[in-house]
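Please look over the model below with the charged side chains in mind. The numbered points that follow take up the salt bridges and then one threonine.

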Amino acid sequence: LSEFVDLSLDPAPAGWQHDLVERALAPDLTYHRAGAVLRAAYDPPFFATYYFGLDVVGHAFKRFAEPDRFGDVSTEDVRRYGRVCDAYAGLLSRWVGEAAQALEPGDVLLVVSGYGMEPVPFWRRLLGWAEGGEARLDSGTHTAAPDGVLLAMGDGIRPGAVLQQASVLDVAPTILYLMGLPVGRDMEGRVLTEMLDEEFT
């Protein structure tokens with residue numbers, strides 16, 4: 001936990017262990033480790049893992065990562081919890097790096113984040129307090145946040161390709177196409193052919 005929280009200070013009883021340990025780290029570590037075991041045992045043609053811990057810590061710890069946007073965060077709490085969001089993103093980056101290093105011929109790695117995170121605006125926090133909400137509301141929101149990201153690497157992927165108009169609806173058709181399977185005409189998304197090698201398409 002010292003990678004995420006400054007344990008040299010006595011952590012305040014603000015629910016941080018519930019958010020960081022129980023709702024983020026424990027599930028993500030479980031999925032990561034169980035997924036590795038299952039993948040090694042069955043070597044499936046398609047493998048997916050869903051990590052939601054970064055979303056949890058964004059909602060819970062964004063105020064400590066960007067205290068200037070909130071104004072009511074103590075210096076001590078910034079020191080305690082200020083690195084949680086970046087450290088969690090670093091953990092996921094390591095896992096993605098490991099997956100990239102383990103790619104074999106014919107493999108493709110897709111990393112998908114459907115949305116970004118933005119600090120909750122002051123007016124929304126004020127409205128929450130006025131409506132009798134708790135003083136400690138979520139500090140991160142997806143409303144008006146940056147778009148998500150889609151990263152791809154592996155066989156058939158064109159290095160340096162930039163997607164301008166991609167959607168999460170395009171992920172499933174693109175995976176089907178990459179696997180040589182038919183794409184349903186009733187699917188709302190499209191195949192992201194602009195990120196694929198011409199030779200592959």
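1. A salt bridge is taken here as a side-chain nitrogen of Lys or Arg within 4 Å of a carboxyl oxygen of Asp or Glu. By this rule the count comes to 10 salt bridges. The model is a predicted one, in which local features need pLDDT of at least 70 and side-chain atom pairs count only at pLDDT 80 or more, while totals for chains, interfaces and linings use all residues. Residues are numbered from 1 along each chain as its sequence is written, and side-chain values use heavy atoms, with hydrogens and water left out.

2. Asp19 and Arg23 form one of these salt bridges, with N to O at 3.2 Å. Both belong to helix α1 (residues 16-42), where their spacing of four residues separates them by about one helical turn; helices (H or I, at least four residues) and strands (E, at least two) are DSSP runs, numbered from the N terminus. Asp19 is buried at 8% relative accessibility, whereas Arg23 is partly exposed at 36%. On this scale buried means under 20% relative accessible area, exposed over 50%, and partly exposed in between, with a 1.4 Å probe and protein chains only.

3. A comparable arrangement of sequence positions is found in helix α3, where Glu76 and Arg80 lie four residues apart, about one turn of the helix. The closest N and O atoms of their salt bridge are 3.3 Å apart. Here Glu76 is partly exposed, with a relative accessible area of 43%, and Arg80 is buried at 6%. Turning from this pair to linked ones, Lys62, Glu66, Arg69 and Glu118 are joined into one network by salt bridges that share partners.

4. Within that network, the side chains of Glu118 and Arg69 meet at 3.0 Å, N to O. This pair links distant parts of the chain, 49 residues apart, since Glu118 is in strand β2 (residues 118-119) and Arg69 is in the loop between α2 (53-65) and α3 (75-81). Glu118 is partly exposed at 23% relative accessible area, and Arg69 is also partly exposed, at 43%.

5. Which residues is Thr174 in contact with, leaving aside its neighbours within four places in sequence? They are Arg190, Val191, Leu192 and Met195, where contact means heavy atoms within 4.5 Å. Thr174 itself is placed in helix α6 (residues 171-178) and is buried, with a relative accessible area of 1%. A polar atom of the Thr174 side chain lies 3.0 Å from the backbone nitrogen of Leu192.

Key
A polar contact is a pair of N or O atoms within 3.5 Å; within protein, one must be able to donate a hydrogen and the other to accept it, and residues adjacent in sequence count only if both atoms are side-chain atoms.
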